[in-house]
Amino acid sequence: EGLGTVEGRVIDAKSGKPVTQFDVGHSLGLASTFNYQTNNFVSFFSEEGEFSLTSVQAGEATLYARSPGYAPQIQQVPQVVADDVVGGVLFRLEPGAAIEGRVIDLEGAPVENAQIFLLARVDQWMIEQVQYGGGFAPAATTDANGQFMVDSIGGDLTKITVVHSDYPNETVDGALALGQVSTVEIVMTGG
(Lines give C-alpha, C1' and ligand atoms only; values in the text may rest on other atoms or scores of the structure.)
Protein backbone atom coordinates (compact mmCIF):
# COMPACT_ATOMS: atom_id res chain seq x y z
CA GLU A 1 0.00 0.00 0.00
CA GLY A 2 0.98 3.63 -0.36
CA LEU A 3 2.18 5.87 -3.14
CA GLY A 4 5.48 6.10 -4.98
CA THR A 5 7.08 8.17 -7.73
CA VAL A 6 8.15 7.08 -11.22
CA GLU A 7 10.69 9.13 -13.18
CA GLY A 8 11.99 8.91 -16.71
CA ARG A 9 12.34 10.47 -20.15
CA VAL A 10 10.38 10.70 -23.39
CA ILE A 11 12.38 10.78 -26.63
CA ASP A 12 11.78 10.64 -30.39
CA ALA A 13 12.57 7.05 -31.43
CA LYS A 14 14.14 8.06 -34.73
CA SER A 15 16.28 11.04 -33.73
CA GLY A 16 16.87 10.22 -30.07
CA LYS A 17 16.09 13.84 -29.20
CA PRO A 18 13.88 14.71 -26.23
CA VAL A 19 10.16 15.16 -26.78
CA THR A 20 9.55 18.41 -24.92
CA GLN A 21 5.73 18.42 -24.59
CA PHE A 22 3.96 15.23 -23.57
CA ASP A 23 1.49 13.62 -21.18
CA VAL A 24 2.12 10.66 -18.89
CA GLY A 25 -0.60 8.66 -17.13
CA HIS A 26 -0.72 5.40 -15.22
CA SER A 27 -2.91 2.49 -14.22
CA LEU A 28 -2.66 -0.36 -11.75
CA GLY A 29 -1.33 -3.69 -12.97
CA LEU A 30 0.71 -4.64 -16.01
CA ALA A 31 -1.24 -3.77 -19.17
CA SER A 32 -0.10 -4.82 -22.65
CA THR A 33 -2.04 -2.26 -24.71
CA PHE A 34 -2.51 1.50 -24.55
CA ASN A 35 -5.59 2.63 -22.65
CA TYR A 36 -6.91 5.54 -24.74
CA GLN A 37 -9.46 6.38 -22.08
CA THR A 38 -7.04 6.75 -19.15
CA ASN A 39 -8.17 9.94 -17.47
CA ASN A 40 -5.26 10.65 -15.12
CA PHE A 41 -2.73 12.09 -17.56
CA VAL A 42 -0.33 14.76 -16.31
CA SER A 43 1.09 17.24 -18.83
CA PHE A 44 4.83 17.86 -18.87
CA PHE A 45 6.96 20.54 -20.57
CA SER A 46 10.65 19.67 -20.35
CA GLU A 47 13.54 20.62 -22.63
CA GLU A 48 15.19 17.31 -21.68
CA GLY A 49 11.99 15.25 -22.03
CA GLU A 50 12.03 14.40 -18.34
CA PHE A 51 9.06 13.56 -16.13
CA SER A 52 8.42 12.76 -12.49
CA LEU A 53 5.03 11.15 -11.91
CA THR A 54 4.05 11.24 -8.26
CA SER A 55 1.15 9.54 -6.52
CA VAL A 56 1.53 6.21 -8.34
CA GLN A 57 -0.05 3.37 -6.37
CA ALA A 58 2.56 0.97 -4.97
CA GLY A 59 2.80 -2.40 -6.71
CA GLU A 60 2.65 -3.22 -10.41
CA ALA A 61 1.89 -0.27 -12.69
CA THR A 62 1.63 0.58 -16.36
CA LEU A 63 2.66 4.03 -17.55
CA TYR A 64 1.24 5.62 -20.69
CA ALA A 65 2.95 8.39 -22.69
CA ARG A 66 1.45 10.44 -25.51
CA SER A 67 2.45 13.53 -27.44
CA PRO A 68 0.94 15.28 -30.47
CA GLY A 69 2.13 13.65 -33.69
CA TYR A 70 3.32 10.48 -31.98
CA ALA A 71 1.77 7.08 -31.40
CA PRO A 72 1.15 6.50 -27.69
CA GLN A 73 3.34 4.02 -25.86
CA ILE A 74 3.23 2.00 -22.66
CA GLN A 75 5.92 0.97 -20.23
CA GLN A 76 5.38 -1.62 -17.53
CA VAL A 77 6.81 -0.92 -14.08
CA PRO A 78 6.89 -4.23 -12.20
CA GLN A 79 7.38 -2.70 -8.75
CA VAL A 80 6.50 0.79 -7.55
CA VAL A 81 7.57 1.14 -3.92
CA ALA A 82 5.70 3.36 -1.47
CA ASP A 83 7.58 6.53 -0.52
CA ASP A 84 10.37 5.70 -2.99
CA VAL A 85 11.38 6.64 -6.56
CA VAL A 86 11.59 4.27 -9.53
CA GLY A 87 13.80 5.86 -12.17
CA GLY A 88 15.05 5.10 -15.64
CA VAL A 89 11.73 4.65 -17.46
CA LEU A 90 12.31 5.50 -21.12
CA PHE A 91 9.60 6.10 -23.71
CA ARG A 92 10.74 6.03 -27.37
CA LEU A 93 7.86 7.54 -29.32
CA GLU A 94 7.23 6.70 -32.99
CA PRO A 95 5.09 8.72 -35.47
CA GLY A 96 1.39 8.33 -34.74
CA ALA A 97 -1.92 8.62 -36.52
CA ALA A 98 -4.72 11.14 -36.13
CA ILE A 99 -8.38 11.12 -36.94
CA GLU A 100 -10.61 14.08 -37.63
CA GLY A 101 -14.26 13.90 -38.34
CA ARG A 102 -17.74 15.19 -38.11
CA VAL A 103 -20.80 13.77 -36.39
CA ILE A 104 -24.15 14.52 -38.03
CA ASP A 105 -27.76 13.40 -37.75
CA LEU A 106 -29.84 11.79 -40.52
CA GLU A 107 -30.68 15.24 -41.94
CA GLY A 108 -27.02 16.24 -42.12
CA ALA A 109 -27.17 18.66 -39.17
CA PRO A 110 -24.14 18.71 -36.86
CA VAL A 111 -24.38 16.89 -33.53
CA GLU A 112 -22.76 19.01 -30.83
CA ASN A 113 -21.33 17.55 -27.60
CA ALA A 114 -21.12 14.00 -28.91
CA GLN A 115 -18.46 12.05 -27.04
CA ILE A 116 -15.88 10.18 -29.12
CA PHE A 117 -14.51 6.95 -27.60
CA LEU A 118 -11.77 4.85 -29.14
CA LEU A 119 -13.54 1.67 -28.06
CA ALA A 120 -15.76 -0.89 -29.79
CA ARG A 121 -18.39 -0.71 -27.06
CA VAL A 122 -19.27 1.93 -24.46
CA ASP A 123 -21.67 1.29 -21.60
CA GLN A 124 -23.22 4.10 -19.55
CA TRP A 125 -21.45 2.99 -16.36
CA MET A 126 -18.09 3.58 -18.09
CA ILE A 127 -18.94 7.25 -18.60
CA GLU A 128 -20.55 7.75 -15.19
CA GLN A 129 -17.49 6.44 -13.32
CA VAL A 130 -15.27 9.23 -14.72
CA GLN A 131 -16.58 11.65 -12.08
CA TYR A 132 -15.30 9.23 -9.42
CA GLY A 133 -11.81 8.90 -10.91
CA GLY A 134 -12.47 5.65 -12.81
CA GLY A 135 -14.34 4.65 -15.92
CA PHE A 136 -13.45 5.90 -19.37
CA ALA A 137 -13.07 9.51 -20.44
CA PRO A 138 -13.88 10.40 -24.06
CA ALA A 139 -10.94 10.94 -26.41
CA ALA A 140 -12.76 14.00 -27.82
CA THR A 141 -16.08 15.86 -27.80
CA THR A 142 -17.66 17.41 -30.88
CA ASP A 143 -17.92 21.18 -31.21
CA ALA A 144 -20.91 23.25 -32.41
CA ASN A 145 -20.19 22.12 -36.00
CA GLY A 146 -20.12 18.45 -34.98
CA GLN A 147 -16.36 18.33 -35.61
CA PHE A 148 -13.68 16.56 -33.58
CA MET A 149 -9.98 15.74 -33.73
CA VAL A 150 -8.01 13.01 -31.95
CA ASP A 151 -4.23 12.99 -32.22
CA SER A 152 -1.58 10.60 -30.88
CA ILE A 153 -3.25 7.36 -31.90
CA GLY A 154 -1.44 4.07 -32.40
CA GLY A 155 -2.03 1.90 -35.46
CA ASP A 156 -4.02 -0.64 -33.45
CA LEU A 157 -7.30 1.32 -33.38
CA THR A 158 -10.14 -0.61 -35.02
CA LYS A 159 -13.39 0.92 -33.70
CA ILE A 160 -14.76 4.34 -32.77
CA THR A 161 -17.94 4.70 -30.72
CA VAL A 162 -19.91 7.93 -30.55
CA VAL A 163 -22.12 8.59 -27.52
CA HIS A 164 -24.78 11.30 -27.25
CA SER A 165 -27.77 11.35 -24.89
CA ASP A 166 -30.24 12.07 -27.73
CA TYR A 167 -29.16 9.10 -29.91
CA PRO A 168 -28.32 5.43 -29.66
CA ASN A 169 -24.56 4.82 -29.59
CA GLU A 170 -22.99 4.57 -33.05
CA THR A 171 -19.88 2.43 -33.69
CA VAL A 172 -17.82 2.65 -36.88
CA ASP A 173 -14.57 1.19 -38.17
CA GLY A 174 -11.53 3.27 -37.31
CA ALA A 175 -8.64 1.76 -39.25
CA LEU A 176 -5.78 4.25 -39.34
CA ALA A 177 -2.40 4.67 -40.99
CA LEU A 178 0.54 5.80 -38.86
CA GLY A 179 1.89 9.21 -39.81
CA GLN A 180 -1.38 10.22 -41.48
CA VAL A 181 -4.63 11.99 -40.63
CA SER A 182 -7.75 9.96 -41.45
CA THR A 183 -11.13 11.59 -41.97
CA VAL A 184 -14.48 10.11 -40.98
CA GLU A 185 -18.10 11.24 -41.04
CA ILE A 186 -20.37 9.51 -38.55
CA VAL A 187 -24.15 9.60 -38.92
CA MET A 188 -26.18 9.22 -35.75
CA THR A 189 -29.34 7.24 -36.40
CA GLY A 190 -32.49 7.33 -34.33
CA GLY A 191 -33.01 9.97 -31.69
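The exercises below, each with a worked solution, concern a predicted model of one chain.

**Exercise 1. Overall composition**

State what the secondary structure of the chain comes to, and what percentage of its residues count as buried.

Solution. Begin with the elements: the chain has one helix and 14 strands. Next, take burial: 43% of the 191 residues count as buried. Then turn to contacts with a separation of 6 or more, where residues 24 or more positions apart account for 69%. Last, the accessible surface comes to about 9800 Å², and carbon and sulfur atoms hold 47% of that surface.

**Exercise 2. A three-stranded sheet**

Give the strand order of the open sheet that contains β1, and identify its edge strands.

Solution. The order is β4-β1-β7, and the pairing is mixed. Each edge strand pairs on one side only, which identifies β4 (50-57) and β7 (85-93) as the edges. From one strand to the next, the twist averages 30°. For the pairing of β1 with β7, locate β1 at residues 3-12; the two strands run in the parallel sense and share seven bridges. One residue pair can be checked directly: Val10 has Phe91 of β7 as its bridge partner.

**Exercise 3. Aromatic pairs**

Classify the ring pairs Phe22–Phe44 and Phe44–Phe51 as stacked, tilted or edge-to-face.

Solution. A pair of aromatic rings is described by the distance of the centres and the angle of the planes. A search of the whole structure gives four aromatic pairs. For Phe22 and Phe44, the centres are 5.6 Å apart and the planes meet at 20°, so this pair is stacked. Phe22 belongs to strand β2 (residues 21-28) and Phe44 to strand β3 (residues 42-45), so their pairing ties together parts 22 residues apart in sequence. Phe22 and Phe44 are both buried.

For Phe44 and Phe51, the distance is 6.0 Å centre to centre and the angle between the planes is 55°. Stacked requires under 30 degrees and edge-to-face over 60; the Phe44–Phe51 pair is tilted. Phe44 and Phe51 are both buried. To finish, group the rings: Phe22, Phe44, Phe51 and Phe91 make up one aromatic cluster.

**Exercise 4. A charge over a ring**

Find the ring over which the charged end of Arg66 sits, and give the distance.

Solution. The ring is that of Phe41, and the charged end of Arg66 lies 3.6 Å from its centre.

**Exercise 5. Positive phi**

For Ser55 and Asn113, give phi, location and exposure.

Solution. Most residues other than glycine have a negative phi. Ser55, which is not a glycine, has a positive phi near 60°. Ser55 lies in strand β4. Its relative accessible area is 44%; partly exposed covers the range between 20% and 50%, so Ser55 is partly exposed.

Asn113 also is not a glycine, and its phi is positive at about 65°. Asn113 sits in the loop between β8 (97-105) and β9 (115-117). With 48% relative accessibility, Asn113 counts as partly exposed.

**Exercise 6. The faces and pairing of β14**

Sort the residues of β14 into a covered and an uncovered face, then describe how β14 pairs with β8.

Solution. In a regular strand the side chains alternate between the two faces of the sheet. Strand β14 spans residues 181-188, and its covered face consists of Ser182, Val184, Ile186 and Met188. The uncovered face consists of Val181, Thr183, Glu185 and Val187. β8 and β14 pair in the parallel sense, over eight bridges. Within this pairing, Thr183 of β14 stands opposite Glu100.

Methods. Residues numbered from 1 in each chain as written. Predicted model: local features only at pLDDT ≥ 70, side-chain atom pairs only at ≥ 80, totals over all residues. Heavy atoms only, no water. Pairing = 2+ DSSP bridges. Helix = DSSP H or I, 4+ residues; strand = E, 2+ residues; numbered from the N terminus. Axes fitted to C-alpha atoms, helices over the stretch in contact; angles between N-to-C directions. Phe/Tyr/Trp six-rings, centres within 6.5 Å; stacked < 30°, edge-to-face > 60°. Buried < 20%, exposed > 50% of the residue type's maximum accessible area, 1.4 Å probe, protein only. Lys NZ or Arg CZ within 6 Å of the ring centre and 35° of its normal. Contact = heavy atoms within 4.5 Å. Areas by Shrake-Rupley, 256 points an atom, 1.4 Å probe, with all protein chains shown as cover.
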